[in-house]
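Here are a few exercises to work through with the model open in your viewer. Try each task before you read its solution.

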Amino acid sequence: VHISLSQHVQVNFMDLADFPRLRTLNLRETCVTGDIRDIGEGDFLALETLTLPSGVYGGMGYEFQHISDAPDIAMAVNSFKKQRPSLLIESWHASLSEDSPDWYG
């Protein structure tokens, strides 16, 4: 499954977790939502490549509102990666939002 560049896709990415043969999930530039911390050991078992948009809590380019949110997301990504060592999580990065009360410049 490759869904990309479609603002019409508006689901929670976890709705796709039960597809047993899903190998590539690229949801870049979609309106998909969800929380990366919801991924469990039995989800996305055949997945080889994952790209989640910033609309997903912890997705690619996610902007944290508080510095204290970062460890939970990093641990979730690391845990998922440990469960599936061959999984490629494409372009994963996050930053502190400039609108955050923790932001100072």
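**Exercise 1. Work out which parts of the chain the salt bridge of Glu48 and Arg23 ties together.**

Start with accessibility: Glu48 has a relative accessible area of 38%, so it's partly exposed (buried is under 20%, exposed over 50%, partly exposed in between, using a 1.4 Å probe and protein chains only). Arg23, at 45%, is partly exposed as well.

Before going on, some ground rules: this is a predicted model, where local features need pLDDT of at least 70 and side-chain atom pairs pLDDT 80 or more, while totals for chains, interfaces and linings use all residues. Residues are numbered from 1 along each chain as its sequence is written, and side-chain values use heavy atoms, leaving out hydrogens and water.

Next, check the distance: Glu48 and Arg23 form a salt bridge at 3.3 Å, N to O (a side-chain nitrogen of Lys or Arg within 4 Å of a carboxyl oxygen of Asp or Glu). Finally, place them: Glu48 sits in the loop between β2 and β3 and Arg23 in the segment before β1, so the bridge ties together parts 25 residues apart in sequence. Strands here are DSSP E runs of at least two residues, helices H or I runs of at least four, numbered from the N terminus.

**Exercise 2. Find the network of salt bridges that includes Arg37.**

Step one: Arg37 meets Asp35 at 2.6 Å, N to O. Asp35 is buried at 14%, while Arg37 is partly exposed at 37%.

Step two: Asp72 also bridges to Arg37, with the closest N and O atoms 3.9 Å apart. That link joins helix α1 (residues 70–83) to the loop between β2 and β3, 35 residues apart.

Put together, Asp35, Arg37 and Asp72 make up the network. The whole structure has 3 salt bridges.

**Exercise 3. Which side chain of opposite charge is nearest to Asp43, and how far away is it?**

Asp43 lies in the loop between β2 (34–35) and β3 (49–51). It's Arg84, at 6.7 Å, and Asp43 is buried without a salt bridge (Lys and Arg count as positive, Asp and Glu as negative; His and chain ends aren't counted).

**Exercise 4. Give the strand order of the open sheet and say which strands stand at its edges.**

The order is β1-β3-β6, with parallel pairing (two strands pair if DSSP finds at least two bridges). β1 (24–26) and β6 (88–89) each have a single partner strand, so one side of each lacks a neighbour in the sheet. β1 and β3 share 3 bridges, and Asn26 partners Thr51 of β3.
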